[in-house]
Structures are given as C-alpha cells and as structure tokens.
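Work through the following exercises with the sequence and the coordinates open beside you, and try each task before reading its solution.

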Amino acid sequence: MKFPPGFVWGVATSAYQIEGATEEDGRGVSMWDTFSRIPGRVERGETGEVACEHYHRYREDVALMADLGVTSYRFSVAWPRVQPDGRGGPNPKGLDFYSRLVDTLLEHGIDPCPTLYHWDLPQPLSDAGGWLVRDTAHRFAEYAAVVAQRLGDRASTWITHNEPSVSAFYGYGLGRYAPGEMRMLDVFPVVHHLLLSHGLAVRAMRPHLRGDAITGIAHNLSFGRPVSPAPADSDAAELLTALQVHLFCDPAFLGGYPSAVLEHMPVGNAVRDGDLALLTEGHDFLGVNYYGPQYVTAALPGDPLPFRLVDPPEGVRRNELGIAIEPAGLAELLGYLRTRYRSALPPIIITENGTACPDVPAPDGRVEDHDRVSYMDRHLRAVRVAIAEGSDVRGYYVWSLLDNFEWTFGYSKRFGLVHVDRATRERIPKASYHWYRDLIAATR
Ligand code: FCB
C-alpha cells in the first residue's frame, strides 16, 4: 500500500482510559471518576483508578511505540491533573507529567499530538452545570492556554476536543456517559459551548504555540444507515447523518448551523453575537474518528427520539461493541465531506480507527488478533481509495495502543495493538502490532 510522502502513522489513547493514578500528584476529580462509581453505570463496577498504570509506565509505553515505528502519538491531557478544580493556577506536578511524556516521545523521534479534552471534565465544573453553561467554554480556553504555555514549544499538532457529539449526545442526551443526563435532543447548548470553546481555546493558545503548530477537532463522523429502503427509515437515517456530521461540521466549514437539524433541537439563546465567527477559527485539519455507520429505523409513536437506533441487520459484520464493520463506508464518508464542504474542507487526519476483539493469549503467550489485522488493512485500503479520489488525508492513528478502560464496558472490550494483562498490567504486543510495524516500515 502506498501513502503520500510525510503521511503520519500513529496510535491514539486517552488519559482516563489508560493513566490510572487518579489520586496522585494533586489530580482533582473528574466527572468520569464520579460517574464510573455510580452502581450500574460501568460493567462490573470498573473504574479508571488503576487502568493501565500508564502514569507510571509511560516510558515502557513510549518504548513500545518507538519499536512500532509510529511517527506520532495522540494522547489526551487530563484537565483535572492540570487544574484540579477546573480553574485557577495550574498544578505543577500534573503539568510535569505531560512535559516528561512529551520529552520522552521526542527523544524517540515521535511527535506528540495532545488532545485537550477526552471527556474528563473536572467535577467542580460539572457540578456548576458542565457544558450546559457558557462559562465552561471560557474555563476550557483558560486551561488550554495553561497547557499550551507548557507544551507549546514542543507539540505541533493540537486537538482541542475528542468527539463533541459523544460528549453532547451520550453525556447529556442519552445518559450513557458522564455526566449521565437524559435530555434527548435538548442538548444544543452543550453542542454550541463545546464548539465555541474550540475557537476560544485556539485564540488563547496561539501566542504560546510554535509557528508551525496546527489545531483541529477530532469528530466521530458516521452515517445513519436505514435498515430498509422504506422512505420513513431513509428519512430517519438522513436526520441521524445530519445530527452527526452537519451539526458539528457545518458551523466550521459553512459558517452556520444547519437549519434542518435545529428544527429538532430547542435552540434557546445559546448563540450570541460574534459566536459564529469564532466557530470557523482554528480548523487547520479535520480529525475524523471512524468506526462504522449507525443503523436506524423510523421512530415509533411515543419514542423519545425522532428515530430509533438499532443493531445492524443480519448479515452485516459487527465488532464486539455491536458496531457495524464497513470499511467502504470510510471512503464514502471522506467523499461525502469533499462534496459537502469543497474548498472549505481542510486536510483530514484519521484520528481514530480500530476494533475490539476477544484477544485471548494462546498458551505460548501470543495474541493472534487476525480480525483486527483484517479490519485495519481494509480501512487503510479505503483511505487509499479516498486519497486516489481526491481526499487530502495526512495521517492515520489506530485506536488504540493498549487494551484499556472502554467507558461503560469497563475492561471487557479490548481495542489495543498491545494486550494488557488485567492482573499484572504486563504488556504483550499482539499480531496486529507486528503487522502495523511492518506496514509502517514498508511505507516509509
Ligand atoms: C471512541 C472514543 C475512544 C474509544 C473508542 C472505542 O468513540 O473516542 O475513547 O472509546 O471510541
């Protein structure tokens, strides 16, 4: 497989999912610490308290990345490590950790790609209304500036938010993720404050960033797919696509919110004068997290949403989370973005792609995750197709380096290229790790 010169090969992780050490070195409480302790929220009551012990084993993990040959590492910064209360002077020990991590990466020739927010909002800010309130966007910009001040001389690719749509819909709409609110589609203020906070953060970070630094958001962009060709199902699927893609990308690339989507969401007075201009700022690239499409049918009377989310129909392959596996959908999505946003579309980075497999080590200790190899191979071929068709894709990050805390699934779902033993935290590179290493070596 050939990729353009300078193509970025990476792996991605996030703080709460791997770091552990949640009570060390002055880290504050995040809303995921709180949420995961509520009985019934996470399988078997698991939390990120210990996770992969990455906070203490980061050198070992960077060595694994170096051996893998990745050119970039996408990690997230835990806001409560940097500002335990979500505001005010920084916690030096928390910042030191990320500074050491960045230095270690650079020593191994790996570019650090920090994500500032992967869902772990400081609890005091969540208590004050979280992303429902505008002040959180200002707090985020202040935090972003603090991190940029410390790491901005060494990191050049910056992601503000991971999957704002999941923050909004899973966190505040469906109640599946922290903070667990069930407002259904009444989450427009959350959407707006998240997107607004990107613009505010980029403005606040700029003075501290290197001249060549680029900034963007990692969105999870997927299509709604109708389970049947019936018009009502197709309409439901179109609405879901608009909620996932248009709602989050139109403000950046078309200068405003899609009116058809807003008909389904109470808008209130969240948008103030000057906001729309801010929403277009700081998109040097578009981060695309792609897993697969979401199947839907028309809503039934009494349903809380204007569509019904359903499992993929018989015959569609799915991963352990039940997500449909459709590599061609990635090329289709990239084509859709080209057509919809044309010259306003910046270069694309695939900021997450990967799958969960059972991954049981064989008696000889090897983990032969051939399904993951096939998944990555087919998705990278789809990226190639999109590039040949005209997409400007600059990089690809596998989700994830390590088996980790998969949110409500706890540790039961394994996404890593590296197996992590749940009792000893011993790391064992899987077959997919070796496959990815060979691929990177062959394409560089
Ligand atoms: C994405 C998240 C990431 C991980 C993968 C499987 O939505 O960004 O943290 O949970 O899904």
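Helices and strands are taken here as DSSP runs, a helix having at least four residues and a strand at least two, and they are numbered from the N terminus. The model is a predicted one.

**Exercise 1. Find where His208 is located, decide whether His208 is buried, partly exposed or exposed, and list its contacts.**

Solution. Begin with the secondary structure: His208 belongs to the loop that lies between helix H9 (188-205) and strand S5 (214-220). Next, take the cut-offs, by which buried means under 20% relative accessible area and exposed means over 50%. His208 has 27% relative accessibility and therefore counts as partly exposed. Finally, look for partners beyond four places in sequence, which are Ala145, Ala148, Gln149, Gly152 and Asp153. With Gly152, the C-alpha to C-alpha separation is 5.6 Å in space, although 56 residues separate the two in sequence.

**Exercise 2. Compare the end-to-end span of helix H3 with that of a straight helix, and locate the kink in H3.**

Solution. First, work out the expectation: at 1.5 Å a residue, a straight helix of 15 residues would span 21 Å. Then turn to the model, in which the end C-alpha atoms of helix H3 (residues 54-68) are only 17 Å apart. Following the axis of H3 leads to a kink of about 35°, centred on Glu60. Just beyond the end of H3, Gly69 adopts a positive phi of about 90°. The buried residues of H3 include Tyr58, Asp61 and Val62.

**Exercise 3. Repeat the span calculation for helix H13, and identify what its buried residues pack against.**

Solution. Helix H13 (residues 327-341) has 15 residues, so at 1.5 Å a residue it should span 21 Å, and the 22 Å between its end C-alpha atoms agrees with this. Among the buried residues of H13 are Leu330, Leu333, Leu334 and Leu337. The buried residues of H13 pack against strands S6 (224-226), S7 (285-289), S10 (348-352) and S11 (393-399), and against helices H10 (231-253) and H14 (370-389). Just after H13, Arg342 takes a positive phi of about 45°.

**Exercise 4. Determine which polar contacts the side chains of Ser72 and Ser36 make.**

Solution. Start with Ser72, which is part of strand S2 (residues 72-76) and counts as buried because its relative accessibility is 4%. The side chain of Ser72 has a polar contact with the side chain of Tyr397 at 2.6 Å, and a polar atom of the Ser72 side chain is 3.2 Å from the backbone oxygen of Asp111. Continue with Ser36, a residue of helix H2 (residues 31-36), which counts as buried because its relative accessibility is 2%. The side chain of Ser36 makes a polar contact with that of Tyr16 at 3.1 Å, and it also reaches the backbone oxygen of Asp33 at 3.3 Å.

**Exercise 5. Describe the surroundings of the ligand, and state how much of its accessible area the protein covers.**

Solution. The residues around the ligand include Gln17, His118, Trp119, Glu163, Glu352 and Trp407. Polar side-chain atoms can then be checked one by one: Gln17 has one at 2.8 Å from an oxygen atom of the ligand, Glu163 has an N or O atom at 2.6 Å from a ligand oxygen, and Glu352 has a polar atom at 3.0 Å from a ligand oxygen. On its own the ligand has 290 Å² of accessible area, of which the protein covers 92%.

Conventions:
Residues numbered from 1 in each chain as written. Predicted model: local features only at pLDDT ≥ 70, side-chain atom pairs only at ≥ 80, totals over all residues. Heavy atoms only, no water. Buried < 20%, exposed > 50% of the residue type's maximum accessible area, 1.4 Å probe, protein only. Polar contact = N/O pair within 3.5 Å; in protein donor to acceptor, adjacent residues only side chain to side chain. Expected span 1.5 Å × (residues − 1). Bend = angle between axes of the 7 residues up to and from the residue. Near = heavy atom within 4 Å. Areas by Shrake-Rupley, 256 points an atom, 1.4 Å probe, with all protein chains shown as cover. Contact = heavy atoms within 4.5 Å.
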